Amino acid sequence: MDPQQYRLLVVDDFDLNRDLLMRRLRSYGYQAEEADGGLACLAQLEKGRFDLILLDIMMPDMDGFEIVAKVRERWGKDIMIIMVTAKDNSSDVVRALDLGADDYVTKPIDFAIAKARIKNLLARKEAEDARHQSEERLALALRGSEDGLWDWDLKLKTIYYSDQWKAMLGLQKVDLGNTLDAWFDRIHDDDLPRLRKQIQQHLNRETERLSCEIRICNAAGEYLWMLCRGMALFDADGLPYRMAGWMSDTSGRGDHDVLTALPGRSLFIERISAAAKRSQIQENHLFAVYCVGIDRFRVVNESLGHRQGDHILQMFARRLEGLLPPGCTLSRLGSDEFAILVEPLAAATAAKPFADKIRTQLARPFVFREHELHITSGIGIVLGSPELTGEDMLRRAHTALDQAKLRGKNSIHFYQNSMSESLMSELKMESELRKAIERDELYVEYQPQIDSETGRIIGAEALLRWHSREYGKMPPGRFIPLAEETMLILPIGEWVLEQACAQNQAWVEMGLPAIRIAVNLSSRQFQDYDIVGLVKRVLDKTGLDPHKLDLELTESLLMDNVEETIAQLEGLHDLGVQLSVDDFGTGYSSLAYLKRFPLDMLKIDRSFVTHITSDKDDASICSAIIGMAHNLRMKVIAEGVETEDHLVYLRSLTCDELQGYLFSPPRDAAGMELMLRENKRWFE
């Protein structure tokens with residue numbers, strides 16, 4: 001929040017008070033103006049916009065209560081008001097708040113408290129302004145929309161249908177009531193089960209939103225194609241209580257393909273255009289268009305005949321449908337070409353992995369008349385752009401498909417001119433990262449962890465590093481998120497675990513002091529791996545004592561699917577490995593949940609350690625974490641220990657272990673071996 005963008009008005013009839021407050025506000029960076037009474041205050045407000053008023057209650061020409069009432073009557077809640085009152089006048093505070101004041105400070109003014117309250121109110125105003133703007137945009141969009149709205153109260157089991165919803169079906173003069181049956185009874189028998197299923201999936205939070213195309217009967221008895229979209233709201237217990245959405249008429253706006261029942265070209269182009277409009281309104285709303293063409297389909301037709309070729313196309317369409325996330329659109333453009341609109345797209349770099357998935361699944365054999373038919377396909381991709389028309393984006397995706405086919409069977413190609421430099425860079429980096437293991441570009445460094453009682457090394461954290469031929473030494477914060485996003489973290493994470501365990505076992509066999517090796521686990525490894533089986537295989541392969549392995553987990557990982565996570569952690573604990581929470585204090589785990597996990601250690605995040613000797617809040621947080629952990633029979637390690645003051649203070653708090661540049665930066669295996677051989681005592 002930038003204070004310079006806010007105008008504040010100080011209203012007080014006492015010059016000294018007004019001048020002192022003005023000076024303080026301006027020193028904080030705010031634009032501050034003054035008024036010496038109620039009439040002057042109202043005159044200032046008429047001249048220009050103000051965001052907040054600091055208002056004295058007792059003034060001769062007009063008291064603060066009257067001013068609050070007039071401000072609220074004239075400007076509503078657009079201006080925040082803080083009352084300035086004497087300490088013992090609680091009745092004045094209550095009266096002012098009842099009239100519409102937002103907060104108060106007492107005289108003599110504690111400027112630290114006043115600064116905090118001003119900041120909080122302006123942050124609230126900023127959030128409310130953003131919400132109002134969003135609501136106004138939505139209201140304007142709906143007013144100009146031809147879509148019909150519906151709003152379903154899941155608790156009362158009633159539903160509201162807008163006048164436009166009824167008009168779309170020619171039911172303006174029909175009393176539909178407020179039941180779901182008025183809608184569902186009109187849906188084609190072949191489509192109703194699919195709609196019910198998709199609604200239930202959304203209510204179960206399996207999908208981000210509802211998007212389902214159905215046929216619905218109008219007043220004349222004709223079935224019209226409608227696209228139904230919607231989203232649910234959930235209460236504090238995670239239960240849905242309301243679901244609302246809209247219905248768009250897709251009949252006649254691009255006929256559906258007779259052979260596959262998929263939307264045709266013109267309807268698909270409209271969907272792309274609608275996605276582009278949404279990306280203009282919603283920040284960071286991404287989408288992509290794919291053209292998928294069957295390689296050498298003419299040969300299939302000539303070999304099997306056109307009738308059997310049509311059957312293959314139907315099978316191809318059904319398999320593509322099965323790959324689509326909810327809300328996406330599949331269209332048949334022509335003989336052997338299909339198009340896909342993926343919306344929303346999680347990130348620009350997610351476009352390529354989805355194309356890989358399409359290619360892999362379509363390469364599986366199609367069983368036809370007891371024979372296996374192998375089909376490959378080319379894929380062209382264009383990232384969505386709000387500046388382009390739907391027609392332009394589809395044309396570009398088709399151009400990319402042509403380029404893919406020129407490169408040979410089963411190829412993928414991006415439309416180059418539509419890609420930003422950053423995306424090109426990301427895709428290139430992903431390609432380099434895929435080759436990093438086989439090129440032996442990845443390596444592990446180790447940062448020692450010190451026992452705060454003995455002063456000697458008790459453990460080491462294994463840290464992944466990448467020295468790329470293309471980029472040189474890459475910061476972990478640059479490539480590890482990419483590895484997570486592209487699922488490369490799975491093979492890389494397994495490689496790091498095995499490297500760290502093998503290295504620790506090698507040190508044991510050299511007769512060096514036995515230490516514990518800490519390895520970070522990714523949430524992806526928990527979601528997509530048998531993590532217990534993986535750790536057991538690595539321990540068996542390397543021969544490392546399980547008690548000498550420490551697995552570090554994030555708070556967010558712990559809180560994702562708690563019951564399943566507990567089962568996995570118990571399985572790991574049963575192996576004998578130690579479990580730690582990394583960067584503790586930066587996530588959102590609660591003490592109630594923390595007690596349920598079989599944890600051995602908490603790791604205080606470096607952000608709390610950096611200013612522990614100068615910031616009372618950071619010191620209090622560290623002290624509280626250490627006390628809580630010890631009460632739960634867990635140990636604590638602090639990372640980011642860089643000064644002697646950090647060391648002394650953390651030892652005074654009885655922090656069990658310490659890690660940071662005060663002792664050593666991360667070292668390669670040879671450097672860590674030298675430290676273990678020296679077995680230095682870092683303090684007495």
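# A guided tour of the chain

Among contacts in the protein chain between residues at least 6 apart in sequence, those joining residues at least 24 apart make up 63%. The model on screen is a predicted one.

**The whole chain**

Start with everything shown as a cartoon. The secondary structure of the protein chain comes to 25 helices and 26 strands. Turn the view along the principal axes: the C-alpha atoms fill a box of roughly 90 × 85 × 45 Å. Of the 684 residues in the protein chain, 49% are buried.

**Stop 1: the parallel sheet**

Select β1 (7-11) and β3 (52-56), then add β2 (31-35) and β5 (103-107), and finally β4 (80-86). What is the order of the strands in this open sheet? The order is β2-β1-β3-β4-β5, and the pairing is parallel. At the edges are β2 and β5, each of which pairs on one side only. On average, neighbouring strands of this sheet are turned by 20° against each other, direction ignored.

Now zoom in on β4 and β5. The two strands run parallel and are joined by five bridges. Show Met83 as sticks; opposite this residue, in β5, stands Tyr104. Strands of a sheet pair through backbone hydrogen bonds, either parallel or antiparallel.

**Stop 2: the helix across this sheet**

Add α1 (15-27) to the selection. Helix α1 lies across β1, β2, β3 and β5. Look along β2 to compare directions: α1 runs at about 170° to β2.

**Stop 3: the cavity**

Keep α1 in view and add α5 (111-143). How many cavities of 30 Å³ or more are there? The count comes to one. The largest cavity holds about 30 Å³ of space.

Show its lining as sticks: Leu21, Leu25, Tyr28, Leu54, Phe111, Ala114, Lys115 and Ile118. Two or more of the lining residues come from each of α1 and α5. Which element gives the most to the lining? That is α5, with four residues. Colour the lining by class: seven residues are nonpolar, none is polar and one is charged.

**Stop 4: Leu176**

Move on to Leu176, in the loop between α6 (163-168) and α7. Is Leu176 buried or exposed? Buried means under 20% relative accessible area. Leu176 has 12% relative accessibility, so this residue counts as buried. To see what surrounds Leu176, select its contacts beyond four places in sequence: Tyr161, Trp165, Lys166, Leu171 and Ala182.

For a sense of scale, draw a distance from Leu176 to Met474. These residues are 298 apart along the chain, and their C-alpha atoms are separated by 63 Å.

**Stop 5: His188**

Next select His188, in the loop between α7 (181-184) and α8 (192-203). The relative accessible area of His188 is 18%, so this residue is buried. Which residues does His188 touch, not counting those up to four places away in sequence? The partners are Arg215 and Tyr223.

**Stop 6: the mixed sheet**

Select β11 (288-294) and β13 (337-342), together with β12 (329-334) and β17 (412-414), and β16 (377-383). These five strands form an open sheet in the order β12-β13-β11-β16-β17, with mixed pairing. The edge strands are β12 and β17, and each pairs on one side only. From one strand to the next the twist averages 20°.

Begin at the β12 edge. Strands β12 and β13 pair in the antiparallel sense over five bridges. The two strands form a hairpin, with two residues between them. Show Thr329 as sticks, and find Leu341 opposite in β13. Although β12 is an edge strand, five of its six residues are buried, so β12 is largely enclosed by the rest of the structure.

Cross to the other edge. Here β16 and β17 pair in the parallel sense over three bridges. Select Gly380, whose bridge partner in β17 is His413.

**Last stop: the helix across the mixed sheet**

Add helix α11 (306-323), which lies across β11, β12, β13 and β16. Turn the view until β13 points upwards: α11 runs at about 10° to β13. Then go back to α1, which runs at about 170° to β2, and look at each helix against its own sheet.

How values were computed
Residues numbered from 1 in each chain as written. Predicted model: local features only at pLDDT ≥ 70, side-chain atom pairs only at ≥ 80, totals over all residues. Heavy atoms only, no water. 1 Å grid on protein atoms, 1.4 Å probe; cavity = no way out; pocket = protein on both sides within 12 Å on 5 of 7 lines; lining within 4 Å. Points joined across faces, edges and corners; volume = space filled by probe spheres on them. Nonpolar A, V, L, I, M, F, W, Y, C, P; charged D, E, K, R; others polar. Pairing = 2+ DSSP bridges. Axes fitted to C-alpha atoms, helices over the stretch in contact; angles between N-to-C directions. Contact = heavy atoms within 4.5 Å. Buried < 20%, exposed > 50% of the residue type's maximum accessible area, 1.4 Å probe, protein only.
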